[in-house]
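Reader: I'd like a close look at one part of this model, the second largest pocket. Could you walk me through what lines it and what sits around it?

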Amino acid sequence: RVPTALAEGGDFSDDTQYVRVQPGSHEELMYALGVNLARQLGDVRPLVESGEELAQLAKGLLDTVVGRLNDDGQTELLRRRGEELN
C-alpha cells in the first residue's frame, strides 16, 4: 500500500513519503506515471551543485515536457551549450 497524506488524515510531517493525490483517482495514475519517468531518469542531484541549479534543471525539464520550449528552441539551446554538458 502506498502511503498517501489524504488517506492518513493529511499529516505531511514527513512529506517525502506521501503521495499528494486521492488514492485510486486518475490524478494518482498520472502522478504514478511521473514517478515512473523520474525513476527512469534517475537521481540528478549529483549533476548540480546547489538548490538553485537543481531548480533550473527542473525548469528545463518541465518546459520541455509541457511544450514551453519547442523543438527548434531545444535544438538551438543544445547547439550552443551542449558541449558544456559533457
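Author: Sure, and keep in mind that this is a predicted model. The second largest pocket holds about 460 Å³ of space. Its lining is made of 13 residues, and those nearest the centre are Gly 34, Leu 37, Ala 38, Leu 41 and Leu 61. Two elements, helix 1 (26–41) and helix 2, each give two or more residues to that lining. Helix 2 has the largest share, with five residues. Sort the lining by class and you get nine nonpolar, two polar and two charged residues.

Now look at the surface. Leu 41 and Leu 61 turn up again there, in a nonpolar patch with Leu 62, Val 65 and Val 66. Together these residues have about 470 Å² of accessible area. Helix 2 (residues 51–65) is again the main giver, putting three residues into the patch. One residue to pick out is Leu 62, which sits in helix 2. Leu 62 counts as partly exposed because its relative accessibility is 42%, and that class lies between the 20% and 50% cut-offs.

For context, follow helix 2 to the largest pocket, which has a volume of about 790 Å³. Of its 18 lining residues, Leu 57, Gly 60, Leu 77, Leu 78 and Leu 85 are the closest to the centre. Here helix 2 and helix 3 (71–85) each supply at least two lining residues, and helix 2 gives the most, with eight. The classes in this lining are 10 nonpolar, four polar and four charged.

How values were computed: Residues numbered from 1 in each chain as written. Predicted model: local features only at pLDDT ≥ 70, side-chain atom pairs only at ≥ 80, totals over all residues. Heavy atoms only, no water. Patch = residues over 30% accessible without salt bridge, like charges linked within 9 Å, V, L, I, M, F, W, Y side chains within 5 Å. Areas by Shrake-Rupley, 256 points an atom, 1.4 Å probe, with all protein chains shown as cover. Salt bridge = Lys/Arg side-chain N within 4 Å of Asp/Glu carboxyl O. Helix = DSSP H or I, 4+ residues; strand = E, 2+ residues; numbered from the N terminus. Buried < 20%, exposed > 50% of the residue type's maximum accessible area, 1.4 Å probe, protein only. 1 Å grid on protein atoms, 1.4 Å probe; cavity = no way out; pocket = protein on both sides within 12 Å on 5 of 7 lines; lining within 4 Å. Points joined across faces, edges and corners; volume = space filled by probe spheres on them. Nonpolar A, V, L, I, M, F, W, Y, C, P; charged D, E, K, R; others polar.
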